[in-house]
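Me: Please take a close look at a single part of this structure and describe it for a first-year student. Kindly explain each technical term where it is first used.

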2 protein chains.
Amino acid sequence: MTEEKRPLILISNDDGAEWPGIRALTRVARTIGDVVVVAPTQHQSGKSSAITIITPLRSTFVEKKEHLTKYAVAGTPVDCIKIAMNSLLEGRKPDLILSGINHGSNLGLSTLYSGTVGVAIEGASHHVPCVAFSIDDHNPKSSLLYCLPFVERIIKQVLEKGLPDGVCLNVNFPKGAIKGVKATTTALGHWTNEYDHRVDPAGRDYYWLQGEYVSDPNDDTTDHYWLQRGYATATPCHVDITERAALNHVADIMKEV
Amino acid sequence: MTEEKRPLILISNDDGAEWPGIRALTRVARTIGDVVVVAPTQHQSGKSSAITIITPLRSTFVEKKEHLTKYAVAGTPVDCIKIAMNSLLEGRKPDLILSGINHGSNLGLSTLYSGTVGVAIEGASHHVPCVAFSIDDHNPKSSLLYCLPFVERIIKQVLEKGLPDGVCLNVNFPKGAIKGVKATTTALGHWTNEYDHRVDPAGRDYYWLQGEYVSDPNDDTTDHYWLQRGYATATPCHVDITERAALNHVADIMKEV
């Protein structure tokens, strides 16, 4: 493969460039393309599609070596993609945007809160195929080795076959071993005991986010269903959240307004 | 109307409880129902559906008067809804969740970044009808009076007719006057000159978010199209971002993985 023909792959995450997940993802991507990593300088867990508005953003060049250039941005995961697309990539459009590998699954309603998925949604808004990768294991020391052959094949397949415009992939790997990969939907559910409510020594309330996610156990289309059964899940997500099926109902409501 | 029959209305925003927009919204809602305001203690612009994970959350009781109870939460807009639903409402399910009124429109791709809309999406995940209100005017001193009759009628209509499960409304008011209300879609577009790239006295890059939003000028279904023409827009948004139309394509890709 000649230098010019290598695909351009932009990578970010929500934990920063030195975390094991993004290092593993970058290692795989470098075997396939020219990689630009633009990652947050600080942990950005639960940042969703948040952007920095009130303060200016700063980017720092970190290093350049064969098939790899790294920048750090003092902002959110979506800020990283925006600055990369607008400035750091110097006008080149990436062939693929990747995010992760996040330690901790991003399925069901967690998809909404995930900065890892936020990267992919942002990329989809720029008409670039994107894949967010997460693993159902919160321990950052857990090995990702068993996931990497799947990561490599997914990257190659998406580069070859593309994704529909505006659609990204949210991929979750099970803990420990992978039985296969399923195309899934986002499990809509809820958390039980979502907060641990405590009172501090001065009598003031505080709350720790916690809880277990519950979704329809009989719906065998969802990410939650298959991840629990040891399968990797790949859920297509659209940047456009308009619910067109509700337009007539809304028009009906607004007639009276 | 007897005390027991008044609907329970939960209100939040992304600016904090003392901003003109939420005060105006609360004033209208109090004429219709029992209102609980749970708003962030600090500005949360561009926070999307971000949640607080690594630190505990604190809530503070602010005041209680006729048909109005107020709390402040040191977190994101979505944190406010989560804590309200899990604790502050003491098990009562709201009949309606409202957000705003935000000074600054939230249309097109801005919908993704908006904490104002994040509130409504979160509420939809709890199966409660929700409406996010924004005005196409960044000046917090601009009068909202001309919007309030529309706010009142939209609240009453949504209470009466409901919204489909999982769907919320993203409402934007034009600046100055309102010609009518349109049921619209989210304009997919892009920003021109999205960042102003500067160099500080020490030679370090920094970036200010800016830019003008551009979308298809001929698409007369979108929020961007109608807001520009002086109409209020009401866009139904779904909490489920799964793109079911892409499931076969994803399954096809994953066969090779």
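Reply: A residue is called buried if its relative accessible area is under 20%, exposed if over 50%, and partly exposed in between (1.4 Å probe, protein chains only). The model is predicted, so local features need pLDDT of at least 70 and side-chain atom pairs pLDDT 80 or more, whereas totals for chains, interfaces and linings use all residues. Residues are numbered from 1 along each chain as its sequence is written, chains are lettered from A and ligands numbered from 1 in the order in which they are written, and side-chain values use heavy atoms, without hydrogens and water.

The part chosen here is the sheet of chain B, together with the side chains on and around its strands. In chain B, nine strands (DSSP runs of E, at least two residues, numbered from the N terminus) form an open sheet. Their order is β3-β4-β2-β1-β5-β6-β7-β13-β8, and the pairing is mixed; two strands pair if DSSP finds at least two bridges between them. At the edges of the sheet stand β3 and β8 (181-183) of chain B. Each of these two has a single partner strand, so one side of each is left without a neighbour in the sheet.

Further along the order, strand β6 (residues 130-135) and strand β7 (residues 167-173) of chain B pair in the parallel sense, over five bridges. One residue shows this pairing in detail: A132(B) has N170(B), in β7(B), as its bridge partner. Helix α4 (residues 115-125) of chain B (helices being DSSP runs of H or I, at least four residues) packs on the sheet. Among the strands of chain B that helix α4 touches (heavy atoms within 4.5 Å) are β6, β7 and β13 (232-238); β1 (8-12) and β5 (96-103) are touched as well.

The next topic is the aromatic side chains. Rings of Phe, Tyr and Trp (its six-membered ring) pair if their centres lie within 6.5 Å; planes under 30 degrees apart count as stacked, over 60 as edge-to-face and the rest as tilted. Over all chains, 14 aromatic pairs are found. One of them joins F61(B) and Y71(B), whose ring centres are 5.8 Å apart and whose planes stand at 70°, so the pair is edge-to-face. F61(B) belongs to strand β3 (residues 59-65) and Y71(B) to strand β4 (residues 68-73) of chain B, and the pair thus links distant parts of the chain, 10 residues apart. F61(B) is partly exposed because its relative accessible area is 48%, whereas Y71(B), at 15%, is buried. A further edge-to-face pair is formed by W226(B) and Y231(B), with ring centres 5.1 Å apart and planes at 80°. W226(B) has a relative accessibility of 17% and therefore counts as buried.

Charged side chains make links too. A salt bridge is a side-chain nitrogen of Lys or Arg within 4 Å of a carboxyl oxygen of Asp or Glu, and the whole structure holds 24 of them over all chains. In one, the side chains of D34(B) and R6(B) meet at 3.5 Å, N to O. D34(B) lies in strand β2 (residues 34-40) and R6(B) in the segment before β1 of chain B, so this salt bridge ties together parts that are 28 residues apart in sequence. D34(B) counts as buried because its relative accessibility is 18%, and R6(B) is buried with 14%.

Terms used: Axes fitted to C-alpha atoms, helices over the stretch in contact; angles between N-to-C directions.
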